[in-house]
Amino acid sequence: MADPDALRTRWSRTLHRSRGTETPTPAAPAPSPEAYADNLLARWSEPQRRYHTLDHLTVVLDHIDVLEEAADDPDLVRLAAWFHDAVYLPDRSENEERSARLAERALPEAGLSAAATAEVARLVRLTVTHAPGGDDPNGQVLCDADLAILASPSDAYAAYTKAVREEYAFVPADAFREGRAAILRQLLDLPRLFHTPYGTREWEGPARDNLTNELTLLTA
């Protein structure tokens with residue numbers, strides 16, 4: 001289970017590091033990180049969420065820790081993880097864009113440079129496709145960390161698919177099966193699901209096995 005206090009600490013440390021060497025002037029000190037942490041934690045705890053919860057955020061941050069050596073700036077990737085589903089309504093298609101805009105508003109107030117803010121927002125928008133370029137190590141780390149759930153052991157994968165179905169409880173069963181099967185086929189048709197060396201080595205095979213098994217069950 002996610003620990004909100006531990007997440008607040010992780011947020012504060014990441015934000016402090018991401019502010020870099022820019023020291024706020026005495027007339028305009030950088031705000032305390034806690035208010036931003038509390039706002040984000042509240043968003044990730046909204047009642048419509050079943051999979052995109054604080055547990056998911058924690059797991060993505062943990063996976064970024066595993067992959068951080070592959071990133072150019074792992075702390076900006078961590079901030080992108082915090083924002084990537086900060087706005088989430090299952091029946092809306094613009095969640096990533098709205099989450100990116102939230103980052104663009106909040107991070108300058110929190111003391112980040114324009115360049116750092118732009119990179120975080122770019123990474124959030126990348127989670128629409130999960131298709132980072134070969135010259136985008138930050139994007140590769142975020143996308144791999146976000147999709148690592150696909151490579152989970154069978155019981156954890158089953159819990160993931162159950163939570164996804166609960167988030168889309170408003171969708172009739174037949175329509176959900178058709179839509180989910182289409183997504184699974186799209187994923188399986190990709191030349192690669194993961195882009196970092198670790199992700200390719202450790203997660204690609206198990207993820208494809210899970211996706212194939214789920215697709216078989218859905219279409220049986």
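Which residues in H8 meet Ala173, Phe176, Arg180 and Leu184 in H9? They are Tyr157, Tyr160, Thr161, Val164 and Arg165. The structure is a predicted model, and this briefing covers the pairing of H8 with H9 and the surroundings of helix H5.

**Helices H8 and H9**
- Helix H8 spans residues 154-167 and helix H9 spans residues 173-189; their axes come within 12 Å and cross at roughly 130 degrees.
- Because an angle over 115 but not over 145 degrees counts as oblique, H8 is oblique to H9.
- The crossing of these two helices, H8 and H9, is right-handed.

**Helix H5: extent**
- Helix H5 comprises 15 residues, 95-109.
- From its first C-alpha to its last, H5 reaches 22 Å, close to the 21 Å expected at 1.5 Å a residue.
- Gly111, just after H5, takes a positive phi of about 105 degrees.

**Helix H5: buried and exposed sides**
- The buried residues in H5 are Asn95, Glu96, Ser99, Ala100, Leu102, Ala103, Ala106 and Leu107.
- These residues lie on the same side of H5 because they cover an arc of only 160 degrees around the axis.
- In general, an α-helix has 3.6 residues a turn, so residues three or four places apart point the same way.
- Arg105 and Glu109, by contrast, are exposed on the other side of H5.

**Helix H5: packing partners**
- The buried residues of H5 pack against four helices: H1 (4-18), H2 (33-44), H4 (74-83) and H6 (114-126).

Note on methods
Residues numbered from 1 in each chain as written. Predicted model: local features only at pLDDT ≥ 70, side-chain atom pairs only at ≥ 80, totals over all residues. Heavy atoms only, no water. Expected span 1.5 Å × (residues − 1). Buried < 20%, exposed > 50% of the residue type's maximum accessible area, 1.4 Å probe, protein only. Arc of directions from axis to C-beta. Contact = heavy atoms within 4.5 Å. Axes fitted to C-alpha atoms, helices over the stretch in contact; angles between N-to-C directions. Parallel < 35°, antiparallel > 145°, perpendicular 65-115°, else oblique. Left-handed = near helix turned anticlockwise from the far one by under 90°.
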